[in-house]
Amino acid sequence: NMNERRTGDHDHGDIGSFQLYYKGPLSIEQGVYYGAAWGDKHWRNYATRTVAANGLLVYNPDETYVYGSNVAEANDGGQKMAGSKAGGYEIAELKEHMSDDNLRTVTEGTYIGPNEKTPAFSYIKGNLTNAYSSSKMQSYKRSMVFMDTFNKTYPGVLVVFDRVTSTKAFYEKTWLLQAVSEPEISGNKMTIKNSNEEYCNGKLVNTVLYPESVNVSKVGGIGVYVSDGQEWPVTGGTPQSSDAYNSGWRCEGKPTTAAKD
C-alpha cells in the first residue's frame, strides 16, 4: 500500500504497509469495524491507526492526533490522522484533497518482471516522510521487494527496508508485524502460523536483519487491542465477516540503542 493521499473516514494510517497471505491470512491489518460503532474509541484509537497495520511507529510523547476538530485519546506514534479543515472526518473538496498539505507519500520506484504475467519479483519504494508529523520525522523511505522462489517449501520472500531519520534520537522507533495467531519469538525471529482447518497450515517466518541489535516482543491477544499502553475494546454493532481473523496479536521490533537514524 503506497497510496499518495488520504481522504479521511475509511482511509487508515496504513500508508506503506503490506499484508501477507499464504494458505490463508498470516499478517493482515488488525482492528474490528462495527457498523454501529463508526467513530468510537476502538475505531479512532486503534482500528484506523498505524499501530494496527504493518507499519512503523516513531513515538513523540508530546504528539496529539486530530481528525479535524476531534482529538483522539491514544498516541500510538504512527502516521498523521486525516480530516477536513472544516472539522469533519472526510475531506469533501477536490482542491483540498489535491493540496500539498494532503500529500502523504511520493512513490519513487516500481518494477514487476521480468515476465509481467509470472514475475520473479516485484518492487516498490515510497517516500513516507509527509505521512508523519514534521515534529518527529525528518525523513522516512520504505522499499519492499517480493520474490517468487518457485519453491514449494519456501514459496515466497518479502524484504522490507526502512531508512528512517527522526528529529530527535530519543523518539522510540517500533517496527510492526501483525499476527493472526499468537506469534512465536526467538531472538530476532518471529513465526506466525495459521492452523485454521479451512486452510493448510500456512506459516510466516520473519527475521530482523537490521538493526543488528533489536528487542522483539509480542503485544495484544485474542480480542485484545492495545495502543499507547491501553486496551481499546470493541463495543456494539454486528461484526463483518472480514474481521474473522483479526486476533489482536502483533510483534514489535525496537532498536536497543537510541539514535536519530
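## A walk through the chain, starting at Thr48

Select Thr48 and show its surroundings: skipping neighbours within four places in sequence, Thr48 is in contact with His12, Gly13, Trp43 and Tyr67. Before going on, keep in mind that you're looking at a predicted model.

**Stop 1: Thr48 and its loop**

Where does Thr48 sit? You'll find Thr48 in the loop between α1 (41-47) and β3 (56-59). Is Thr48 buried or exposed? Its relative accessible area is 2%, and buried means under 20%, so Thr48 counts as buried.

**Stop 2: zoom out to the whole chain**

Now colour by secondary structure. The chain has 2 helices and 17 strands. Of its 261 residues, 46% are buried. Switch on the surface if you like: the accessible surface of the chain is about 13500 Å², and carbon and sulfur atoms account for 51% of that. Contacts are worth a thought here too. Taking the contacts in the chain with a separation of 6 or more, 62% are between residues 24 or more positions apart.

**Stop 3: a buried salt bridge**

How many salt bridges does the structure hold? The count is 12. Begin with Asp76 and Arg49, whose closest N and O atoms are 3.1 Å apart in a salt bridge. Asp76 belongs to the loop between β5 (70-71) and α2 (94-97), while Arg49 is in the loop between α1 and β3, so this pair ties together parts that are 27 residues apart in sequence. Hide the surface to see the two residues properly, as both Asp76 and Arg49 are buried.

**Stop 4: a bridge between two strands**

Next, select Glu108 and Lys141. They form a salt bridge too, with 3.4 Å between the closest N and O atoms. Glu108 is in strand β6 (residues 106-113) and Lys141 in strand β8 (residues 137-148), so the pair links distant parts of the chain, 33 residues apart. How well covered are these two? Glu108 is partly exposed at 38% relative accessibility, and Lys141 is partly exposed at 27%.

**Stop 5: Glu182 and Lys218**

Move on to Glu182 and Lys218, whose side chains meet in a salt bridge at 2.7 Å, N to O. This pair also links distant parts of the chain: Glu182 is in the loop between β10 (172-179) and β11 (184-186), and Lys218 is in strand β14 (residues 214-219), 36 residues away. Glu182 is partly exposed, with a relative accessible area of 45%, and Lys218 is partly exposed as well, at 39%. While you have charged residues on display, add Glu172, Arg250, Glu252 and Lys254, which are joined into one network by salt bridges that share partners.

**Stop 6: the four-strand sheet**

Go back to cartoon view and pick out β6, β7, β8 and β9. In what order do these strands lie? They make an open sheet of 4 strands in the order β6-β7-β8-β9, with antiparallel pairing. At the edges are β6 and β9 (156-166), each pairing on one side only. On average, neighbouring strands of this sheet are turned by 5° against each other, direction ignored.

Look more closely at β6 and β7: they run antiparallel and are joined by 7 bridges. To see one opposing pair, select Ile112 and, opposite it in β7, Ser122.

**Stop 7: a nonpolar patch**

Turn the surface back on and select Tyr111, Phe121, Met147, Val157 and Val159. Together these residues make a nonpolar surface patch of about 380 Å². One of them, Phe121, is in strand β7 (residues 121-127). Phe121 is partly exposed, with a relative accessible area of 32%, and patch members need over 30%, so Phe121 passes that cut-off.

**Stop 8: the three-strand sheet**

Finish at β11, β12 and β13. These 3 strands form an open sheet in the order β11-β12-β13, paired antiparallel. Which strands stand at the edges? They are β11 and β13 (202-207); each has a single partner strand, so one side of each is left without a neighbour in the sheet. From one strand to the next, the twist averages 15°.

For a last close-up, show β11 with strand β12 (residues 189-194), which pair in the antiparallel sense over 3 bridges. Label Glu184 and then find Thr191, its bridge partner in β12.

Terms used
Residues numbered from 1 in each chain as written. Predicted model: local features only at pLDDT ≥ 70, side-chain atom pairs only at ≥ 80, totals over all residues. Heavy atoms only, no water. Buried < 20%, exposed > 50% of the residue type's maximum accessible area, 1.4 Å probe, protein only. Contact = heavy atoms within 4.5 Å. Salt bridge = Lys/Arg side-chain N within 4 Å of Asp/Glu carboxyl O. Patch = residues over 30% accessible without salt bridge, like charges linked within 9 Å, V, L, I, M, F, W, Y side chains within 5 Å. Areas by Shrake-Rupley, 256 points an atom, 1.4 Å probe, with all protein chains shown as cover. Pairing = 2+ DSSP bridges. Axes fitted to C-alpha atoms, helices over the stretch in contact; angles between N-to-C directions.
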